[in-house]
Amino acid sequence: MDPTGDLLLETPVDGGLTTGAVARLLGVAPTTLRSWDRRYGIGPAARQDGRHRRWTGADIAALRHMCALTSTGLPPAEAARTVLAGTSGAATTGTGPSRAEEPGAGASGVPAEPRSARASRAPGPLPVGRARQECRGLARAAVRLDAPALDELLTAVLDRYGLPAAWDEVMMPVLHAVGRKWDTAGERYIEVEHLLSWHVSGALRGVTAARTPTPGAGLALLACAPGETHTLALEALAATLTQQGLPVRMFGAAVPAGALEDAIRRTGPAAVVLWAQSRRTASPALVARLDALEWGVRGARGRPVVCVAGPGWAGRQPPGVRHLSGLADAVDTLATL
């Protein structure tokens with residue numbers, strides 16, 4: 001959020017802010033503001049020369065309310081009805097100009113913008129499909145780069161559903177949606193993916209143990225294969241094990257083979273989970289090395305159970321090695337070791 005936002009609201013220029021200035025202030029696309037104006041009547045009370053929108057403090061307060069409601073996953077039409085029911089008619093009068101009143105409007109009714117404006121505007125919505133309402137809210141907050149809303153929504157879904165369900169049914173679908181958008185739109189959504197991943201990671205690291213440690217439970221060592229940088233699924237597993245009172249050591253991204261072997265000898269884990277997101281980083285040779293590794297004093301040697309996880313192991317699963325098919329399966333498997 002623009003730190004000068006409050007100042008802008010107190011001192012509007014020439015009777016109000018332009019649509020572009022309000023879009024930057026709120027972190028939404030100018031086309032979104034125009035669409036809310038035309039479709040739902042969430043628009044400015046005044047227009048310069050009868051055409052150009054000028055947003056006052058009261059107008060922007062209504063927009064903030066609209067953004068907050070859509071962040072929870074509420075459909076825009078329903079959010080607009082709520083906003084209009086709670087604001088004065090002076091702040092949101094009318095349903096916006098017709099297409100004929102919008103200079104340069106295209107076939108969709110959205111005003112044509114210069115090429116430079118199109119290149120810098122915010123990305124469109126993420127394709128979350130028929131997912132939970134919280135997925136839509138999380139996706140909208142991510143596209144708006146609304147960090148406070150992301151934190152609030154992630155905390156709410158963890159409290160409501162618990163960690164495994166929150167990961168499987170809310171966090172992961174939205175992460176997959178932004179990943180698909182990134183793949184098809186070049187570098188258009190990188191900032192969205194990075195911000196969302198950072199806040200998901202923070203929410204997972206904030207999970208604390210909900211029960212006392214399980215007596216005699218074996219240690220689980222979690223690591224990404226060398227060259228692998230995707231850690232969120234392992235972070236979800238580490239958080240769930242921690243919450244259930246099971247000991248875990250999370251080593252994160254791209255752990256070199258020698259360092260991983262040294263960590264096994266020093267910690268004596270009951271299990272090692274090796275994550276690979278792609279076939280390029282899934283190394284059956286490394287799994288064989290870890291499977292043959294022993295730890296402990298002579299005469300009382302132990303060997304860890306080696307497990308592989310992640311889509312990179314599809315079709316490359318080494319014989320005799322356990323493949324963890326998801327978060328619930330991983331937790332159930334490691335809890336028995």
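**Largest pocket.** I began with the lining of the largest pocket in this predicted model and asked which element gives the most to it. The answer is α9, with nine residues. I then listed the elements that each supply at least two residues of this lining, and found α9 (163-184), α10 (190-205), α11 (232-243) and α14 (327-335) among the helices, together with the strands β5 (271-275) and β7 (322-324). The lining comes to 35 residues in total, and those that lie nearest the centre of the pocket are H230, L232, A233, W275 and Q277. For the space inside the largest pocket I noted about 920 Å³. By residue class, I recorded 17 nonpolar, 13 polar and five charged residues in the lining of this pocket.

**Cavity.** Next I looked up how many cavities of 30 Å³ or more the structure holds, and there is one. The largest cavity contains about 80 Å³ of space. Its lining is made by A217, G218, L219 and A220, by L241, L246 and P247, by A270 and A271, and by L334, A335 and L337. When I sorted the residues of this lining by class, I got 11 nonpolar, one polar and no charged. The polar one is G218, because Gly is counted as polar under the classes used here.

**Cysteines.** I checked how many disulfides the model has, with a pair of cysteine sulfur atoms within 2.5 Å as the criterion, and the count is zero. I also looked up two cysteines for their exposure: C224 has a relative accessibility of 0% and is therefore buried, and C307 is likewise buried, with a relative accessible area of 0%.

**Positive phi values.** I wanted to know which residues other than glycine take a positive phi, and I kept L145 and A254 as entries. As background, I note that most residues other than glycine have a negative phi. For L145, phi is near 60°, and the residue sits in the loop that joins α7 (133-143) to α8 (147-161). Is L145 buried or partly exposed? With a relative accessibility of 40%, L145 counts as partly exposed, because the partly exposed class lies between 20% and 50%.

For A254, phi is positive at about 45°, and the residue belongs to the loop between β4 (248-250) and α12 (257-267). The relative accessible area of A254 is 33%, so A254 is partly exposed.

**Helix α3 and what follows.** I then turned to helix α3 (residues 30-40) and asked how many of its 11 residues are buried. Eight of them are, and the helix is therefore largely enclosed by the rest of the structure. The buried residues of α3, as I wrote them down, are P30, T31, L33, R34, S35, W36, D37 and R38. Just after this helix, G41 has a positive phi of about 80°.

**R54.** My last entry concerns R54, which I located in strand β2 (residues 52-54). Its relative accessibility is 14%, so R54 counts as buried, the cut-off for that class being under 20%. I also looked up the separation between R54 and P44: these residues are 10 apart along the chain, and their C-alpha atoms are 6.2 Å apart.

Definitions and conventions: Residues numbered from 1 in each chain as written. Predicted model: local features only at pLDDT ≥ 70, side-chain atom pairs only at ≥ 80, totals over all residues. Heavy atoms only, no water. 1 Å grid on protein atoms, 1.4 Å probe; cavity = no way out; pocket = protein on both sides within 12 Å on 5 of 7 lines; lining within 4 Å. Points joined across faces, edges and corners; volume = space filled by probe spheres on them. Buried < 20%, exposed > 50% of the residue type's maximum accessible area, 1.4 Å probe, protein only. Helix = DSSP H or I, 4+ residues; strand = E, 2+ residues; numbered from the N terminus.
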